[in-house]
Amino acid sequence: MATNIRATDAWLTFGLAFVGGYGDAASFVLAKTFTGHVTGNLVLGAIAVAAHNWRAMLGHVSAMVTFLIGVFLSALIVRPLKSWPSWPLLPMVLGIEVILIVGASLALASQVAHGIAIFVSFVSLALGLQNGAFRRAGGISVHTTYLTGMITSLISTEAEKYTSETAPAPGKTPDPQIALLCGIWIAFVVGAGTGAAMVLRFRALGMLGAALLLIALIPRDSKAAQSK
């Protein structure tokens with residue numbers, strides 16, 4: 001297990017977590033649906049069923065399905081790329097994610113037929129691809145589109161340290177993995193606040209902010225891949 005996390009990898013992780021929070025909050029403001037995870041939509045879907053709001057239920061189900069399809073597709077993309085080292089996975093996925101987010105934003109802004117459904121499907125697919133393609137950083141499993149699992153892991157790890165028989169040595173260097181998880185949490189929350197503010201101000205076009213950040217992250221990931 002890695003004990004040191006390079007600055008390039010850490011900032012890439014934080015950037016993707018920011019995008020995850022941004023997309024999830026923006027989609028909830030614009031379409032009342034989460035696009036970055038399944039749990040929230042399961043709850044909203046159950047509420048919609050109880051209220052006999054079948055249209056809303058279908059929206060939540062479509063978000064869940066397209067998110068999971070994105071995770072599955074990222075796994076399928078990995079296999080052929082293993083024989084083509086010059087085509088790194090994450091920059092390709094980020095490029096696809098940019099196209100999907102731009103398409104979602106324009107579809108909703110132009111008020112085309114079924115614009116909300118297109119928006120939800122495209123953003124859910126984009127975040128599903130991101131979640132499937134980027135799953136480890138600093139030697140630990142991470143998620144950049146939702147926080148529940150990582151918060152649980154963070155609390156459990158810290159609790160085990162304080163309840164173990166061996167107390168940590170005074171002045172011991174903080175665990176870089178804990179710092180990474182805290183950084184992901186902060187980046188996700190800040191991204192959520194930024195995404196909500198942007199779409200409240202600019203409506204659907206505010207979603208383009210996530211695409212711009214992804215474009216900025218592509219060369220950073222390429223740099224990280226070359227240095228490994």
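Let's start with tryptophan 11, which is exposed, with a relative accessible area of 54%. Keep in mind that what you are looking at is a predicted model.

**Aromatic pairs**

Tryptophan 11 has a partner, phenylalanine 14, and both belong to helix H1, which covers residues 7-31. They sit three residues apart there, or about one turn of the helix. Phenylalanine 14 is buried, at a relative accessible area of 18%. Why does one count as exposed and the other as buried? The cut-offs decide: buried means under 20% and exposed means over 50%, so tryptophan 11 at 54% is exposed, while phenylalanine 14 at 18% is buried.

Further along H1, phenylalanine 18 pairs up with tyrosine 22. These two are four residues apart, so about one helical turn separates them. Tyrosine 22 is buried, with a relative accessible area of just 2%.

How many aromatic pairs turn up in a search of the whole structure? Three, and two of them are set out here, including the one between tryptophan 11 and phenylalanine 14. A pair of rings is described by the distance of the centres and the angle of the planes.

| Pair | Centre to centre | Angle between planes | Type |
|---|---|---|---|
| Tryptophan 11 and phenylalanine 14 | 5.7 Å | 85° | edge-to-face |
| Phenylalanine 18 and tyrosine 22 | 6.2 Å | 45° | tilted |

**The nonpolar core**

H1 also matters to the count of the largest nonpolar core, a set of 47 residues: ten of them come from H1, the largest share. At least two residues each are supplied by H1, H3, helix H4 (89-109), H5, helix H7 (176-202) and helix H8 (208-227). Which residues have the most contacts inside this core? They are Leu16, Phe119, Met207 and Leu214.

Take phenylalanine 119 as a sample. Setting aside neighbours within four places in sequence, phenylalanine 119 is in contact with Ser27, Leu30, Ala31, Ala104, Ser105, Leu108 and Met207.

**The second largest pocket**

Now for some empty space. The second largest pocket holds about 370 Å³. It is lined by 13 residues, and those closest to its centre are Arg55, Ala56, Gly59, Ile116 and Ala117. Two or more lining residues come from each of H1, helix H3 (54-81) and helix H5 (115-133). Which helix gives the most? That is H3, with five residues. By character, the lining splits into seven nonpolar residues, five polar and one charged.

Note on methods:
Residues numbered from 1 in each chain as written. Predicted model: local features only at pLDDT ≥ 70, side-chain atom pairs only at ≥ 80, totals over all residues. Heavy atoms only, no water. Phe/Tyr/Trp six-rings, centres within 6.5 Å; stacked < 30°, edge-to-face > 60°. Buried < 20%, exposed > 50% of the residue type's maximum accessible area, 1.4 Å probe, protein only. 1 Å grid on protein atoms, 1.4 Å probe; cavity = no way out; pocket = protein on both sides within 12 Å on 5 of 7 lines; lining within 4 Å. Points joined across faces, edges and corners; volume = space filled by probe spheres on them. Nonpolar A, V, L, I, M, F, W, Y, C, P; charged D, E, K, R; others polar. Core = buried A, V, L, I, M, F, W, Y, C linked by side-chain atoms within 4.5 Å. Contact = heavy atoms within 4.5 Å.
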